[in-house]
Amino acid sequence: MWKAALVLYWLLGLGQPLRAQDDAPAAAITPQDCSLDCIRQGGPGCEYCRITRADLKRALGFKSINVFGSCIPWPCFKFLGEEDPKICQHYVQAPNDVKVEFVNELNPKSETIVVSWKPSYYGIAFLRGFQVSLQALGGSSVACQLFLFHRNVSLEASHAQRVYKSDPFPSLSLGSQYAVTVMALPVPEQWERFYHSKIFSTRSCEEKNGLEQCKKDWYPKHVKVQQEGTAITVTFNLAPPKLGIRSYFSLCSANGMKTYTDITPNSSNNQTHHSYQLKDLQEGTNYTCEIAADQVDAVRKKFYVQVLHLQKDIIKEHQESGTQEEVMPLSKNGQTPPRLLICYSCNDGPAHVKAVMQLGAFIQQHMATQVCLDLWESLSVAEEGSMAWHCRQIRESDFILVICSQGLNHRPKPPEGDHKDEGVNRGLDFGSNAFSSDTAVQLIREEVGRAKAKGQDLSKYMAAIFEYSEETDIPTELRLVSHYMLTRDLQLLFSHLHGVALHRPGHYLKINHISEEGFTKLPAGAALQLAICEASMASR
């Protein structure tokens, strides 16, 4: 009985100071600059220390990958546990009360945040530090900060009321969503309840800078171009109503000629998007266009328009005797060209990537097809995130062509640039998408495998190799779909895209400028052939 009373008395005694501390404001603890020797030896002045990439290099003997910032797997063991592994073998529960605070920043186009949290009561005596990571939702890159206590620190239960802070995370995009994760160290073997994640949004431009300042900084982020017959339709997202932007304009230029279009949407029809038509554009011409709010010094969004040839004499039908020739229309008036997504591997070098780009240009200019290629849409890829952009294109495209090569079957190695340590003020590098197309190819392979297992139609998917690649470079799953050798099979590819039979009894179809011997007569065809030759030499 007396034991139970003693335990109850002890619990009440412990609980009273904790409740009292809840009423008092807790002073935030900010990171210190410390030496690794101080952390490992437990000297004074290094109670809560930031670990930089320079510290990682000294500890590991080599540079860490840029994208991981100052974080590595199992940091406690690497920095504190090599001499005494037991120090990093205890369980510590996830931090509590994770908050995000916006910090004043002079740059009106970005945001800076600081993360704060409290440690958990459970396992606090064995707490060795924290790891804080930040990732843009829809993006692929991560910014990460590592903080350690020196080896002799042992926190008490009352210290669970302390508030710890990260260093600033700068250069975050306005109006974007991010996920922040605070992880307690050491990391347990069972990955459960040792971290706390929080999703937050940065302030919009108008919330941070005011409406008047943001009118000129706003621009349409999503622009879609469609050609139906000879009509070019452009769809873009409208400014938020609270900005008070009522009119827009677009400007297209090519060959020294400019076409200006005033745009005044009717907000009662649609408050989020608007479509308008570009007129007086010439067929077979590439236009560089801009669209913006009709405001002084407004930011302009650049996009490109390829006006396709849709004349009726693209396909000619020959009798086998060769004595007569008959013209067959390519498509009915007003039919939308098929939408083709081209995916490829970056691992075969810049010459291979250039060949892919020239192939896309040729298909779009001379095969009456709208081509989607990440190389042409770098701004959209950066805005959406490479994974989200590719998933959307896979979903919306009529056909998907995977250019197979030797590098497609090799796992890419992340690049390690010779960057200087920029400390905690280094911004998030959300523009790095070096392996995005390779990841998309993996998704396509899995989708083909699932579709085959379910007995679904596989005609949406195609594989192709250039002349310098081998058929063995085509992954097993993609051998289930139609595959072509380019440039030899350009006519077969055209047949697949447009559903046109090349042969029938007594007749065959010849497609102008797409035959194996004729495509090089076109400038785009000659450029494609040259790029393939250069890639072939580079692959030897």
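Here is a short back-and-forth about the cysteines, some aromatic rings and one glutamate in this predicted model.

Student: Let's start with the cysteines. How many disulfides does the structure hold?
Tutor: A disulfide is a covalent bond between the sulfur atoms of two cysteines. To count as one here, the sulfur atoms have to lie within 2.5 Å. Going by that cut-off, the number of disulfides in the structure is three.

Student: Take Cys 34 and Cys 49. Is their disulfide left-handed or right-handed?
Tutor: The sulfur atoms of Cys 34 and Cys 49 sit 2.1 Å apart, and the two form a disulfide. The torsion about that S-S bond is about -85°, so the link between Cys 34 and Cys 49 is left-handed.

Student: And how many residues apart in sequence are the parts that this pair ties together?
Tutor: Cys 34 belongs to the loop between β2 (32–33) and α2 (36–41). Cys 49 belongs to strand β3 (residues 49–51). So the pair of Cys 34 and Cys 49 ties together parts whose separation in sequence is 15 residues.

Student: Is Cys 34 buried or exposed?
Tutor: Buried means under 20% relative accessible area. Cys 34 has a relative accessible area of 14%, so Cys 34 is buried. Its partner Cys 49 comes out at 0%, which also makes Cys 49 buried.

Student: Next, Cys 38. Which residue does a disulfide join to Cys 38?
Tutor: The S to S distance for this link is 2.1 Å, and with -85° about the S-S bond the link is left-handed. Cys 38 counts as buried at 16% relative accessibility, and the partner counts as buried at 0%. That partner is Cys 46.

Student: What about Cys 252 and Cys 289: left-handed or right-handed?
Tutor: Cys 252 and Cys 289 form a disulfide with sulfur atoms 2.1 Å apart. The torsion about the S-S bond is about 115°, so the disulfide of Cys 252 and Cys 289 is right-handed.

Student: Which strand holds Cys 289?
Tutor: This pair links distant parts of the chain, 37 residues apart. Both Cys 252 and Cys 289 are buried. Cys 252 is in strand β14 (residues 248–254), and Cys 289 is in strand β17 (residues 286–293).

Student: Is Cys 404 buried or exposed?
Tutor: Let's set Cys 404 beside Cys 346. Cys 346 counts as partly exposed, at 28% relative accessibility. Cys 404 has a relative accessibility of 0%, so Cys 404 is buried.

Student: On to the rings. Phe 130 and Phe 149 form an aromatic pair, but of what kind?
Tutor: The structure holds 14 aromatic pairs, and Phe 130 with Phe 149 is one of them. Their rings are 6.0 Å centre to centre, with 85° between the planes. Planes over 60 degrees apart get a particular label, so Phe 130 and Phe 149 are edge-to-face.

Student: Where does Phe 149 lie?
Tutor: Phe 130 is buried at 0% relative accessible area, and Phe 149 counts as buried at 2%. Phe 130 lies in strand β6 (residues 129–136), so the pair ties together parts that are 19 residues apart in sequence. Phe 149 itself lies in the loop between β7 (142–148) and β8 (163–165).

Student: Last one: is Glu 517 buried or exposed?
Tutor: Glu 517 is found in the loop between β27 (507–511) and α12 (523–538). The C-alpha atoms of Glu 517 and Arg 488 are separated by 8.8 Å, with the two positions 29 residues apart along the chain. Glu 517 has 59% relative accessibility, so Glu 517 counts as exposed.

How values were computed:
Residues are numbered from 1 along each chain as its sequence is written. This is a predicted model: local features need pLDDT of at least 70, side-chain atom pairs count only at pLDDT 80 or more; totals for chains, interfaces and linings use all residues. Side-chain values use heavy atoms; hydrogens and water are left out. Helices (H or I, at least four residues) and strands (E, at least two) are DSSP runs, numbered from the N terminus. Buried means under 20% relative accessible area, exposed over 50%, partly exposed in between (1.4 Å probe, protein chains only). Rings of Phe, Tyr and Trp (its six-membered ring) pair if their centres lie within 6.5 Å; planes under 30 degrees apart count as stacked, over 60 as edge-to-face and the rest as tilted.
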